[in-house]
Every structure is written in C-alpha cells, then in structure tokens.
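Trainee: I'm new here and would like to learn how to read salt bridges and exposure. Could we go through it together?

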Amino acid sequence: MEPLPVSEIHSSLPQWTSVIQVIEASHTKTTHAARASRVYRRFVFADSHGVKVSAVAFDGNVARIEGLLVPFKKYCIGGASVEEIPKPTLPDLYRFFWIINKDTLIREVFEPDMPSLPPYFHLTPFTSFQHLADSQASITDMMGVVLYALPKRESHLDAPLVATRDYVVVDQSNMPILLTLNGDLESGAGDAISDSIASIESKPVIIAVRVRVKTDNYLSLCTKATSTILVSPRIQEAARLEHWYRSNRSALMSSVLEKHYCDPLLLLPPVSDAMLSSISDVVAPTQFPMGASWIKGRVSVDRLHRLWHLACPYCFTPNNFIETLGISCVACLKDLYVFPRASVKLVVTYGTASINVIALGYEAEKLIGFTAYQLSQAEHEGVTLNLRVADALDGRVLCCYVSRSPESVQLAGVSFTIVTSYWVGDAIPVND
C-alpha cells in the first residue's frame with residue numbers, strides 16, 4: 001500500500017499507511033478519570049510535509065509498543081484508529097488524532113545516517129532563560145547534558161505526596177542550571193536519567209519540551225503538566241553535545257562541586273543598559289504582566305521596615321513565630337527550627353517612575369552589609385541599625401533583576417522582589 005501524507009488520512013478511510021517521524025514521546029502516565037485508572041503514552045508524529053499529528057496508546061497497547069516509536073526515528077504506521085478532534089484550536093491544522101490499538105502495524109524505516117534535530121524544535125540557549133523567567137511564556141525546547149542529580153524530595157503540599165528531584169543541566173554556554181522534574185515525569189524520565197548518570201565518562205543528553213523558567217534559586221527550570229523529557233535522543237546535535245562534555249568533563253564536574261548552579265554571578269551577571277526595562281512598564285497593570293526584568297535607578301530605604309524576620313529554613317516564607325520548637329511552616333508544612341532572615345524594603349526611582357521592592361535573605365545581606373544574625377543580635381542588645389543602613393544606601397544607583405513577589409510577601413505590601421542586584425558607579429548618568 002502506497003503511504004499517504006498525514007493530511008490525507010481521515011476517519012472514514014478504511015485502510016492506510018503513512019511514513020512519519022516521531023517528534024515527541026511521553027513517559028508512561030496514569031489517569032484516574034471516572035473511577036478507573038488507565039495507563040497511557042502520548043506521541044507527536046510528523047510527515048515529510050511538516051504536518052503533525054498527535055497519537056495515544058492505552059493500557060495493554062503501551063506494553064505492546066515497548067521499544068518502538070523512539071523519538072526522531074522514522075516508522076511506517078498503519079491501522080490506527082483515526083478520531084476527530086472535538087474542538088480544534090486552529091481551523092487550518094490537521095483535525096484528527098490517532099489511537100494506537102492491537103491492529104496498528106508499526107515498522108521502523110531504517111536510515112543509514114543519524115538524523116538531525118527536526119525543524120519543529122527551536123532550542124533556547126541557556127543564556128536566554130532570564131528573558132522568559134516568571135512570565136506567561138514557556139520555553140519551547142532546550143537541550144543540555146545532565147551532570148548531577150540532587151536527592152529526591154516529596155512535596156508536603158500535595159496529597160498523596162508528589163516526588164520531585166532537581167537535576168543539574170548545562171549546555172555549551174557553561175551555565176549550569178537546575179531542572180526540577182515533578183510527579184510522573186520524575187518517576188518516568190527521572191528514572192531513565194538516573195540509570196545513565198552514574199558514569200563520569202559520559203552523561204545523558206536530554207531535550208526538555210515546554211518547561212517553565214522560574215526565579216527560584218536565582219534562575220531555574222521546572223516541568224509542568226504538558227512537559228515532555230526526551231532522554232538520550234539519537235540525533236547529531238546530541239552527539240556533538242556529548243562530545244563537548246567529554247572534552248570538558250573535568251571543569252564541568254568541578255562546577256557542580258562548587259555549586260555554580262546557584263551562583264548569581266554566573267546565572268544572572270550584570271547587564272548592559274540595552275537589557276533594561278523601564279520601571280513604568282514593569283509596574284503597569286496589564287492582563288499579562290511582565291516576567292522578571294532588569295531595572296535601574298536610585299534607591300531610598302524604607303526606614304520603618306524591620307531589617308530581619310523569623311523564617312522557615314526550607315521555603316524562606318516569613319512567619320510570626322512565638323516558639324522555636326514543635327512548629328510547622330504554614331506555607332510548606334514541614335517541621336522546623338526557625339532562623340532569622342534579613343530583609344530590606346527599597347524604593348527604586350528612575351526619572352519620574354518608581355517601584356517598591358524588597359530584598360530577602362542573602363540578597364538583603366549583600367545590600368545592607370549585615371548578616372541576619374548580626375541584625376537580630378543588635379536588636380536584642382537594643383541597637384537599631386535602620387538609620388545607619390539608610391544613610392549608607394540612599395541615593396546610590398542599583399541595577400536589579402526583579403520579579404513579582406510571592407503571595408506571602410505581597411501580603412506585606414510589596415509587589416516586587418529583588419532576585420539579584422549590583423551597585424552601579426555613581427558616575428553613570430541616571431535621569432533624576
């Protein structure tokens with residue numbers, strides 16, 4: 001039977017075959033809808049004309065196709081059920097999806113050369129992540145080498161408990177960053193990564209699709225419900241990345257030991273004025289607020305704001321604790337011994353626009369020149385440092401990367417939090 005292009009295959013066609021390339025393949029998932037659990041895997045195929053189609057396999061058919069439909073390989077496929085999409089998002093897209101069943105025939109089309117990354121993927125360099133952080137946009141695709149896996153942990157906010165794990169990934173920019181796999185992705189793709197990460201000589205390459213950039217840990221990535229992780233893809237670009245790792249593995253593994261993945265100077269280095277956003281754009285009330293942004297201006301310190309507070313050592317949420325024993329954090333529910341954490345509220349002004357921001361933890365200590373322990377001890381001894389800090393900082397020019405504050409901080413009346421910041425020489429002109 002002559003293979004048909006995807007666009008010519010519809011639900012009333014009795015028999016058909018098509019040659020496709022696998023673009024995405026999810027890990028095995030479980031759905032609990034209608035009181036009955038089902039296992040399934042989702043796929044995205046594309047033909048030589050660039051037409052994409054979604055496919056799904058359920059229950060026993062998941063095991064039947066084990067080892068087949070490997071990402072980026074080509075297959076001749078036929079006999080799948082063709083179902084119409086109830087509400088297609090765009091009228092010009094292919095309006096059917098395929099269900100792989102016991103009658104579906106799948107045969108690999110062997111190619112002499114390793115394939116290249118298909119044009120549907122547009123890899124985002126790690127150095128561009130900061131432009132998407134905490135925004136409505138998600139990273140379409142990224143590719144990196146997994147250097148290290150941190151210990152697994154469980155979310156105490158979900159019932160049942162959801163396993164998560166952080167992985168250190170890097171690309172040729174030499175900027176290691178944390179990628180967090182959540183829930184099913186950790187138990188699926190995470191297990192595949194863990195199986196191949198033990199060797200120092202080689203590390204797995206992954207492609208992460210539809211992951212979100214956050215300002216946790218200064219800059220990091222995390223998966224969401226629609227994310228897909230492709231482990232060890234057999235494509236030319238991944239092979240080149242593996243070769244780059246082998247040529248630089250000593251320095252790369254040293255960067256893990258030195259925790260470069262949480263170093264603000266590497267993740268968010270100082271930027272030029274061309275990278276700055278205007279304060280008026282950042283604070284403007286819009287339906288889709290801006291994500292994290294770089295701003296610059298002269299600072300003035302809120303002299304009435306207390307420069308330290310007690311906080312949860314796990315999620316850093318401020319709390320009003322009376323005791324230090326037998327407490328559970330109201331934000332993350334973990335048992336804890338509280339500890340002091342520094343904070344400073346600033347007004348940053350550029351021209352006629354201004355913004356209220358807060359710096360917390362290490363970033364506050366870096367700005368004010370005191371540790372949280374020193375601040376708490378000074379207050380215990382009856383010494384107030386607010387005026388001293390204000391006199392030292394007022395009028396100086398600060399370049400800072402700010403994001404919208406978490407709800408616990410917004411309740412204190414500050415809508416933006418400083419992720420990291422750098423003092424600018426006062427000789428640099430600022431329109432004030």
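Mentor: Sure, let's begin with exposure: a residue is buried under 20% relative accessible area, exposed over 50%, and partly exposed in between, using a 1.4 Å probe and protein chains only. This is a predicted model, where local features need pLDDT of at least 70, side-chain atom pairs count only at pLDDT 80 or more, and totals for chains, interfaces and linings use all residues. Residues are numbered from 1 along each chain as its sequence is written, and side-chain values use heavy atoms, with hydrogens and water left out.

Trainee: Is K102 buried or exposed?

Mentor: K102 is exposed, at 64% relative accessible area. D103 has 49%, so D103 is partly exposed.

Trainee: And what is a salt bridge?

Mentor: Side chains of opposite charge can pair when their charged atoms come close. The rule here asks for a side-chain nitrogen of Lys or Arg within 4 Å of a carboxyl oxygen of Asp or Glu. K102 and D103 form one, with their closest N and O atoms 3.6 Å apart.

Trainee: How many salt bridges does this rule give?

Mentor: The count comes to 19. Among them is the bridge between K296 and D273, at 3.2 Å from N to O.

Trainee: How exposed are K296 and D273?

Mentor: K296 is buried, with 6% relative accessibility, whereas D273 is exposed at 51%.

Trainee: Which residues are linked in a network of salt bridges?

Mentor: Look at K152, E186 and D191: salt bridges link them in a network.
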